Amino acid sequence: MSERVHVTVVYAPAPRQVIEVRLSLPAGSRVRAAIEASGLPGRFRDMLWSAGQVGVWGRKAPLDQLLRERDRVEIWRALRVDPKLARRERFGKQGARSAGLFAKRRP
């Protein structure tokens with residue numbers, strides 16, 4: 001009887017929409033094999049899963065990384081807006097007095 005490793009492959013094609021596929025793969029499987037076995041690349045043709053767009057438990061991972069029991073393989077979307085720029089714009093709209101450290105000033 002060969003050993004198996006149980007992993008989850010997760011992809012969010014849009015905000016607040018997450019697709020999770022649980023797999024049982026042969027021991028010694030790699031990230032690439034998990035993504036291909038999930039069937040997600042066939043369902044989402046525009047999905048990018050190059051080495052820079054994939055991670056295991058939130059950390060960037062190469063496609064040839066070995067999987068361990070209960071690993072969570074994540075396929076990330078490209079960001080539409082730079083988070084720093086979005087924060088800067090929100091701060092500008094709120095004004096300096098109503099945001100951040102200045103919002104909780106003592107009377």
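**Salt bridges, sheet and pocket**

Modeller: Arg22 and Glu20 join their side chains in a salt bridge, 3.0 Å from N to O. The model is predicted.

Biologist: Is Arg22 of that salt bridge buried or exposed?
Modeller: Exposed means over 50% relative accessible area. Arg22 has 66%. That value is over the cut-off, so Arg22 counts as exposed.

Biologist: And which class does Glu20 fall into?
Modeller: The class between buried and exposed runs from 20% to 50%. Glu20 has a relative accessible area of 40%. Therefore Glu20 is partly exposed.

Biologist: How many salt bridges are there?
Modeller: Side chains of opposite charge can pair when their charged atoms come close. Arg22 with Glu20 is one such pair. Glu74 with Arg72 is another, with the closest N and O atoms 3.0 Å apart. The count comes to two.

Biologist: Is Glu74 buried or exposed?
Modeller: Its salt-bridge partner, Arg72, is partly exposed at 26% relative accessibility. Glu74 has 14%. Buried means under 20%, so Glu74 counts as buried.

Biologist: Which side chain makes a polar contact with the side chain of Glu74 at 3.3 Å?
Modeller: Glu74 lies in strand E5. A polar atom of its side chain lies 3.0 Å from the backbone nitrogen of Gly58. The contact at 3.3 Å is made with the side chain of Trp76.

Biologist: Now the sheet. In what order do its strands stand?
Modeller: The sheet is open and the pairing is mixed. Five strands form it. Their order is E2-E1-E5-E3-E4.

Biologist: Which strands stand at the edges?
Modeller: An edge strand here has a single partner strand, so one side is left without a neighbour in the sheet. One of these strands covers residues 17–26, and the other covers 59–60. They are E2 and E4.

Biologist: How many bridges join strand E1 to strand E5?
Modeller: Strand E1 covers residues 4–14, and strand E5 covers residues 72–75. The two run parallel. The number of bridges that join them is four.

Biologist: Which residue of E5 stands opposite Tyr11?
Modeller: Tyr11 has its place in strand E1. At 5% relative accessibility, Tyr11 counts as buried. Opposite Tyr11 in E5 stands Ile75.

Biologist: What distance separates the C-alpha atoms of Tyr11 and Ile35?
Modeller: Along the chain, Tyr11 and Ile35 are 24 residues apart. In space, their C-alpha atoms are separated by 9.9 Å.

Biologist: Which residue's backbone nitrogen does the side chain of Ser38 reach?
Modeller: Ser38 lies in helix H1, residues 31–38. Ser38 counts as buried, at 11% relative accessibility. Its side chain reaches the backbone oxygen of Ile35 at 2.6 Å. At 3.2 Å, the same side chain reaches the backbone nitrogen of Leu40.

Biologist: What is the volume of the largest pocket?
Modeller: Residues lining the largest pocket include Tyr11, Phe44, Trp76 and Arg80. Tyr11 is the buried residue of strand E1 discussed above. The volume of the largest pocket is about 180 Å³.

Biologist: How many residues of that lining are nonpolar?
Modeller: Among the lining residues are Pro13, Met47, Leu48 and Ala78. Asp46, Gln53 and Arg77 belong to the lining too. The division gives three charged, one polar and, for the nonpolar group, seven.

Terms used:
Residues numbered from 1 in each chain as written. Predicted model: local features only at pLDDT ≥ 70, side-chain atom pairs only at ≥ 80, totals over all residues. Heavy atoms only, no water. Salt bridge = Lys/Arg side-chain N within 4 Å of Asp/Glu carboxyl O. Buried < 20%, exposed > 50% of the residue type's maximum accessible area, 1.4 Å probe, protein only. 1 Å grid on protein atoms, 1.4 Å probe; cavity = no way out; pocket = protein on both sides within 12 Å on 5 of 7 lines; lining within 4 Å. Points joined across faces, edges and corners; volume = space filled by probe spheres on them. Nonpolar A, V, L, I, M, F, W, Y, C, P; charged D, E, K, R; others polar. Pairing = 2+ DSSP bridges. Polar contact = N/O pair within 3.5 Å; in protein donor to acceptor, adjacent residues only side chain to side chain.
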